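Me: I'm new to reading protein models and I keep tripping over the labels people use. Can we go through this one and check each label against its rule?

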Amino acid sequence: MIEEVFCAPADEGHRVLMTAALEQARCARDAGEVPVGAVVVVGGEIVGRGYNQPIGAHDPTAHAEIVAIRDAARRRGNYRLPGATLYVTVEPCLMCVGAIIHARIATLVFGAAEPKSGAVVSTVRGGDLPGHNHRFEVVSGLREIECRELMQEFFKLRR
């Protein structure tokens, strides 16, 4: 069962690492992609970075989380990332929750909830589905306003 922890604003370590995810989200925005960014951290070091790029990459699986997990796995030389923390600006979808589980990521930290397709706490609790042999901790609401405003500004300009 996923135990959701709401992030304390005073946790500067988390805030700094979410800054790196927000930088990735801005890269997505600048490329014309939905502005979601992610970083994978092991032992306090960023080992993977990614931003949404399904349009540019012609790849429906090129979500920020997947790109960051692939980058981290390549750099670490292992498809398993035990002890890793994934920071992402927006609540992951079900596909990305599956990748988190398969990579054995220990903790997910996300900024803004995604009420339409978020699969951690919003539409379905994907990490709690039966049959999974791995569970992860969830920290939500970290720099939520900044993460949400980045998405809202992007879609406001597109309409």
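Reply: Sure, and let's start with a rule: buried means under 20% relative accessible area, exposed means over 50%, and partly exposed is in between. One thing to keep in mind is that this is a predicted model.

Me: OK, why is Arg 70 called partly exposed?

Reply: Its relative accessible area is 39%. Partly exposed is the class between 20% and 50%, so Arg 70 gets that label.

Me: What makes Arg 70 and Asp 59 a salt bridge?

Reply: The cut-off is 4 Å between a side-chain nitrogen of Lys or Arg and a carboxyl oxygen of Asp or Glu. Here the N to O distance is 3.7 Å, so the pair passes the rule. As for the general idea, side chains of opposite charge can pair when their charged atoms come close.

Me: Which parts does that pair tie together?

Reply: Arg 70 lies in helix α3 (residues 64-76), while Asp 59 lies in the loop between α2 (54-57) and α3, so the pair links parts 11 residues apart in sequence.

Me: How many salt bridges does that rule give?

Reply: The count comes to six. One of them joins Asp 71 and Arg 75, at 3.1 Å from N to O. Both of these residues lie in α3, four residues apart, about one turn of the helix.

Me: Are Asp 71 and Arg 75 buried or exposed?

Reply: Asp 71 has a relative accessible area of 13%, so it's buried. Arg 75 has 57%, so it's exposed.

Me: What about Asp 128 and Arg 125?

Reply: Their side chains meet in a salt bridge too, at 3.3 Å from N to O. Asp 128, with 23%, is partly exposed, and Arg 125, at 33%, also counts as partly exposed.

Me: On to the helices. How do you know that the length of α5 agrees with what a helix should span?

Reply: Helix α5 (residues 144-158) has 15 residues, and at 1.5 Å a residue they should span 21 Å. Its end C-alpha atoms are 22 Å apart, which agrees.

Me: Which residues of α5 are buried?

Reply: Cys 147, Leu 150, Met 151 and Phe 154. Looking down the axis of α5, these buried residues fall within an arc of 90 degrees, so they line one face of the helix. The face turned away from that buried side carries the exposed residues Ile 145, Lys 156 and Leu 157.

Me: What covers the buried residues of α5?

Reply: The cover includes α1 (12-30), β4 (85-90) and β5 (107-112).

Me: How does the span check turn out for α1?

Reply: Its 19 residues should span 27 Å, and its end C-alpha atoms are 27 Å apart, which agrees. The buried residues in α1 include His 14, Leu 17, Met 18 and Ala 21. What the buried residues of α1 pack against is β2 (37-42), β3 (45-51), β4, β5 and α5.

Me: Why is Met 18 called buried?

Reply: Its relative accessible area is 0%, and the cut-off for buried is under 20%, so Met 18 clearly fits the label. Leaving out residues up to four places away in sequence, Met 18 touches several others, including Tyr 87, Val 109, Phe 110, Arg 143 and Cys 147.

Me: What makes Arg 104 stand out?

Reply: Arg 104 has a positive phi of about 65 degrees although it is not a glycine. In general, most residues other than glycine have a negative phi. Arg 104 is found in the loop between α4 and β5, and with 17% relative accessible area it's buried.

Me: And what is the phi of Arg 143?

Reply: Also positive, about 55 degrees, and again the residue is not a glycine. Arg 143 sits in the loop between β6 (137-140) and α5. At 15% relative accessibility, Arg 143 counts as buried.

Me: Last one: which residues make the nonpolar surface patch?

Reply: Leu 94, Val 124 and Leu 129 make it, with an area of about 210 Å². Patch residues need over 30% relative accessible area. Leu 94, which lies in helix α4 (residues 94-103), has 47% and is partly exposed, so Leu 94 meets that cut-off.

Definitions and conventions: Residues are numbered from 1 along each chain as its sequence is written. This is a predicted model: local features need pLDDT of at least 70, side-chain atom pairs count only at pLDDT 80 or more; totals for chains, interfaces and linings use all residues. Side-chain values use heavy atoms; hydrogens and water are left out. Helices (H or I, at least four residues) and strands (E, at least two) are DSSP runs, numbered from the N terminus. The expected span of a helix is 1.5 Å times one less than its number of residues. Buried means under 20% relative accessible area, exposed over 50%, partly exposed in between (1.4 Å probe, protein chains only). The arc is that of the directions from the helix axis to the C-beta atoms. Contact means heavy atoms within 4.5 Å. Patches are made of residues with over 30% relative accessible area and no salt bridge: like charges are joined within 9 Å, nonpolar side chains (Val, Leu, Ile, Met, Phe, Trp, Tyr) within 5 Å. Accessible areas come from the Shrake-Rupley method with a 1.4 Å probe; for residues, only the protein chains shown count as cover.
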